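Let's walk through this structure together, one region at a time. Please keep the sequence and the 3D view open as you read.

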Amino acid sequence: MKPKTAILLVVAVVCGLGASYMTSQLLANRSGDSEKVQMVVAKKNINMGESIKIPEALFEFKSVTKGEQHVKAYVVEDGGNMDKLKNKILKRPLRAGDYISLEEDTYDQKDPNSGLQVTLPPDMVAIGIRVTNESSASGFANLPLSRVDIHHTVRRGDDKSSYSHILLENVLVLAADQGLNRPDAGAAISASIVTVALTREDALKVNVARDMGSLSFVVRKFGDNSKANIMKVTVEDVKNGTYGGEAKDKEPTDPLLEPMTSPTQEPLAALPGFPKEGPIDAEPMLVVKKEEVKIDTKKHILRIIEGDKERAVEYNLDKNGQVPVSQVTKTELTEPTEALPTPPRPTVTPQGPTPATAPEMPEKKNNF
C-alpha cells in the first residue's frame with residue numbers, strides 16, 4: 001500500500017470515531033434535560049371493588065418522560081406520594097402494570113354522591129333479582145362489583161320441554177340488598193335481593209324469565225370473559241347423557257340391560273324391468289321355457305249305444321287306473337269307421353213262478 005493511501009485511511013477512521021462520540025454525548029445531554037414524571041401503575045392484579053387502604057401495597061411508580069403518560073393516568077411529581085388513593089374503591093379490575101385514573105377508575109364510598117349512579121356503567125340500568133343462599137352460591141355471588149352468569153330453569157310436564165339454559169353472561173353485581181360495598185376480606189354476603197347492571201333489552205328478558213321459572217347466579221373468575229359452549233340442557237339430555245345435542249362419553253353398560261332391537265332386514269333385490277321397444281344393447285333376459293310334463297296313461301274307450309245310434313267316448317287312465325281330471329277329453333259323436341260287431345242283446349228272464357197256460361178259447365163261427 002502506498003504511504004499516501006494509508007494516511008488517508010487513518011484520517012477517515014479517526015473522523016468517524018470522533019463524529020460518533022460527539023453524537024452520543026449530544027443525545028445524553030438532551031435526555032438529561034427532559035422532565036420526568038411518576039405514573040402510578042398497579043403492582044399486581046387487583047379485583048374490581050377492592051378497597052384501597054394502603055396504596056403502596058397495591059401500586060407503584062413508573063418513571064416516564066413528561067407528555068408520554070396516558071392523558072387520564074394518575075401521575076405525581078418526583079418525590080410525591082399516593083395519598084389521593086386512600087379509601088378509594090376500584091370500579092374496574094386492574095392487571096399488573098395498568099395505570100389508574102382517579103376520575104374513571106375509583107370512587108369514594110364516603111362521598112354522599114356515590115351510589116348506583118357512580119358504579120352503574122353507561123347505557124345500562126339497575127334491576128333487582130330475588131335470591132337465596134342456594135341460588136347465589138352461598139352468598140358469594142352477592143358481592144358488589146363481582147361478575148356472575150344468570151341461569152334460568154323451567155320445569156314442564158315432559159323431560160324434553162323441561163330445561164335449564166344460560167340466560168345472561170358476565171353480569172355486573174351492583175349491590176346486595178342496600179349495601180354497595182364489598183367486605184375487606186371478600187367474605188360472602190347473605191342477601192335476599194341482588195341488584196345487577198343490565199342493558200334495557202336484557203332487563204326485559206329477566207322480567208319474563210323469572211315469571212316462567214327460577215333464576216340462579218353462578219360466580220365467574222376474575223378477568224374471565226370466555227363464552228359458554230353449551231347454552232341449554234334439557235332433562236332428556238341429562239338422562240341420555242347428551243348435552244346440547246352432543247353425546248358425551250358414557251360408562252359401559254351391561255348388554256343384558258340394553259333394550260332388545262329386532263334385526264334389520266336386507267332390502268329386496270330390484271326386479272328387472274320390462275324391455276323397451278327397439279334394439280337394446282344390454283344382455284338378453286333369461287327366458288325359461290315351459291315344458292309339458294308327460295303322464296304315463298292308458299287309453300280307455302267307452303262305447304255308448306242309444307237306440308240305433310252308437311257313440312264312443314275316450315278316456316286316459318293313469319297307472320292306478322283312475323281318470324286324471326286334467327286329461328279328460330270329450331269326443332264328438334262320430335260314425336264308426338269300421339263295422340263294429342253288434343253285441344247280442346241280453347235275454348230277460350222273468351223272475352218268480354211261471355204263470356199257468358191259459359186254456360184255448362173255441363173259435364167262434366159266424367151264424368150268418
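**Salt bridges, sheets and loops**

D83 is partly exposed, with a relative accessible area of 41%; the scale used here calls a residue buried under 20%, exposed over 50% and partly exposed in between, with a 1.4 Å probe and protein chains only. Before going on, please note that this is a predicted model, in which local features need pLDDT of at least 70, side-chain atom pairs count only at pLDDT 80 or more, and totals for chains, interfaces and linings use all residues. Residues are numbered from 1 along each chain as its sequence is written, and side-chain values use heavy atoms, leaving out hydrogens and water.

Back to D83: its side chain meets that of K86 in a salt bridge, with N to O at 4.0 Å. The term stands for a side-chain nitrogen of Lys or Arg within 4 Å of a carboxyl oxygen of Asp or Glu. K86 is partly exposed too, at 42% relative accessible area. How many salt bridges does a search of the whole structure find? The search finds seven. Another of them joins R95 to D98, with the closest N and O atoms 3.7 Å apart, and R95 is exposed at 57%.

Now look at R220, which forms a salt bridge with D149 at 2.8 Å between the closest N and O atoms. R220 lies in the loop between strand 11 (214-219) and strand 12 (232-234) while D149 lies in strand 8, so this pair ties together parts that are 71 residues apart in sequence. Strands here are DSSP runs of E with at least two residues, and helices are runs of H or I with at least four, both numbered from the N terminus. Are these two partners buried or exposed? R220 counts as buried at 11% relative accessibility, and D149 is buried at 9%. D224 joins them, so to speak: D149, R220 and D224 are linked in a network of salt bridges.

Next come the strands. Strands of a sheet pair through backbone hydrogen bonds, either parallel or antiparallel; in this account, two strands pair if DSSP finds at least two bridges between them. One open sheet has three strands in the order 3-1-4, with antiparallel pairing. Its edges are strand 3 (59-65) and strand 4 (75-76), each of which pairs on one side only. Strand 1 (residues 36-42) meets strand 4 over two bridges, and Q38 stands opposite V76 in strand 4.

Further along the chain, strand 15 (residues 298-306) and strand 16 (residues 309-317) are antiparallel partners over nine bridges. I304 has R311 in strand 16 as its bridge partner. Two residues sit between the strands of this hairpin, where G307 takes a positive phi near 65°.

Positive phi also turns up at residues that are not glycine. S138 has a phi of about 60° and sits in the loop between strand 7 (125-130) and strand 8 (147-154), where S138 is exposed at 52%. D177 has a phi of about 55°; its place is in the loop between strand 9 (163-176) and strand 10 (193-198), and D177 is partly exposed at 36%.

Finally, turn to S101, in the loop between strand 5 (88-90) and helix 3 (102-105). S101 is buried, at 1% relative accessibility. Setting aside neighbours within four places in sequence, S101 is in contact (heavy atoms within 4.5 Å) with K72 and T106.
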